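Please go through the model below with the sequence at hand. The notes that follow cover a surface patch, the cores, the ring pairs and some backbone angles.

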Amino acid sequence: AISPDPEMDDDDLDMFNDPLGFYFVGVAILAFVVGAAVLIMRRTELAILLLMPSVVALVASAIQAYPFYRRFLLFLSPLEFIVIAVGAHAIVAGLGDARPVGAATIAALLLLNPYAPLDVMRRPISRVEMRPALAYVAEQRAGTDFVYFPYGAEPVVKYYGPRFHLD
């Protein structure tokens, strides 16, 4: 498997937005970093248990053995939520008299995604154009190649496959 991009860019922070669903990614990252620091200082064994899978996935990605990208990170989500919750608690605990307002603000920023309905309007669900994809596969296919189509593509491939000699 391949790492998504050898150079760090904004898409690398998608692990906090895409699989975890945070809209305010900066707040989630801050809470994660604070939570990791608190766990390392207070409960080292628990920190190792919660953070080591992420470290192993990063190392595997660095050696091109596992993609550190979106759906491939879903298994890390529960662990990251715990670390983020510890960090959010530590941030709120450090606010002193402003705790109630701080707790409400942190909770709102982490839990609410006010633009989720608008995201569908920005990137509307559109129909999938399989004809160009099947034409490309047919063009590139050698006589002995085996072509795999996922289960959900079966009706489309049954319909268009004969037109592109992909029977």
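## Surface patch and helix α3

I48 is found in helix α3. The structure is a predicted model. Is I48 buried, exposed or partly exposed? Its relative accessibility is 46%, so I48 counts as partly exposed, because that class runs between the 20% limit for buried and the 50% limit for exposed. I48 also belongs to a nonpolar surface patch. The other members are M52, V55, V56, V59 and I63. Together these residues make a patch of about 540 Å².

## Overall build

The protein chain has eight helices and zero strands. Along the sequence the pattern reads α-α-α-α-α-α-α-α. Of the 167 residues in the chain, 27% are buried. The chain exposes about 11,600 Å². Carbon and sulfur atoms supply 65% of that area. Among contacts with a separation of 6 or more, 63% join residues 24 or more positions apart.

## The cores

In soluble globular proteins, nonpolar side chains tend to be buried together. Here the largest nonpolar core has 18 residues. Which residues have the most contacts inside it? They are F22, L51, V83, I84, I106 and L110. The elements giving two or more residues to this core are α2 (25–42), α3, α4 and α5 (99–111). Helix α4 provides the largest share, six residues.

V83 sits in helix α4. Its relative accessibility is 0%, so V83 counts as buried, because buried means under 20%. Leaving out neighbours within four places in sequence, V83 is in contact with A31, F32, G35, A36, L39, L50 and L51. Take A31 from that list. V83 and A31 are 52 residues apart in sequence, yet their C-alpha atoms are 7.7 Å apart in space.

L51 is another residue with many of the core's contacts, being listed among those with the most. Not counting residues up to four places away in sequence, L51 touches F32, A36, I40 and V83. F32 and A36 are contacts of V83 and also of L51.

Apart from the largest core lies another one, of five residues. Its members include L134, A153, V157 and Y160.

## Ring pairs

The structure holds two aromatic pairs. Their geometry is tabulated here.

| Pair | Centre to centre | Angle between planes | Type |
|---|---|---|---|
| Y66 and F75 | 6.3 Å | 85 degrees | edge-to-face |
| Y159 and Y160 | 4.8 Å | 85 degrees | edge-to-face |

Why is the pair of Y159 and Y160 edge-to-face? Its planes stand at 85 degrees, and the class calls for over 60.

How accessible are the rings' residues? Y66 is partly exposed, with a relative accessible area of 27%. F75 is partly exposed as well, at 45%. Y160 is buried, with a relative accessible area of 18%. Y160 is also one of the residues of the five-residue core.

## Positive phi angles

Two residues deserve a look here. Q64 is not a glycine, yet has a positive phi of about 65 degrees. Where is Q64? Its place is the loop between α3 (44–62) and α4 (77–93). With a relative accessible area of 40%, Q64 is partly exposed.

H165 is not a glycine either, and has a positive phi of about 55 degrees. H165 lies in the segment after α8 (154–160). Is H165 buried or exposed? H165 is exposed, with a relative accessible area of 65%.

Technical notes
Residues are numbered from 1 along each chain as its sequence is written. This is a predicted model: local features need pLDDT of at least 70, side-chain atom pairs count only at pLDDT 80 or more; totals for chains, interfaces and linings use all residues. Side-chain values use heavy atoms; hydrogens and water are left out. Helices (H or I, at least four residues) and strands (E, at least two) are DSSP runs, numbered from the N terminus. Buried means under 20% relative accessible area, exposed over 50%, partly exposed in between (1.4 Å probe, protein chains only). Contact means heavy atoms within 4.5 Å. A nonpolar core is a set of buried Ala, Val, Leu, Ile, Met, Phe, Trp, Tyr and Cys residues joined through side-chain atoms within 4.5 Å. Patches are made of residues with over 30% relative accessible area and no salt bridge: like charges are joined within 9 Å, nonpolar side chains (Val, Leu, Ile, Met, Phe, Trp, Tyr) within 5 Å. Accessible areas come from the Shrake-Rupley method with a 1.4 Å probe; for residues, only the protein chains shown count as cover. A salt bridge is a side-chain nitrogen of Lys or Arg within 4 Å of a carboxyl oxygen of Asp or Glu. Rings of Phe, Tyr and Trp (its six-membered ring) pair if their centres lie within 6.5 Å; planes under 30 degrees apart count as stacked, over 60 as edge-to-face and the rest as tilted.
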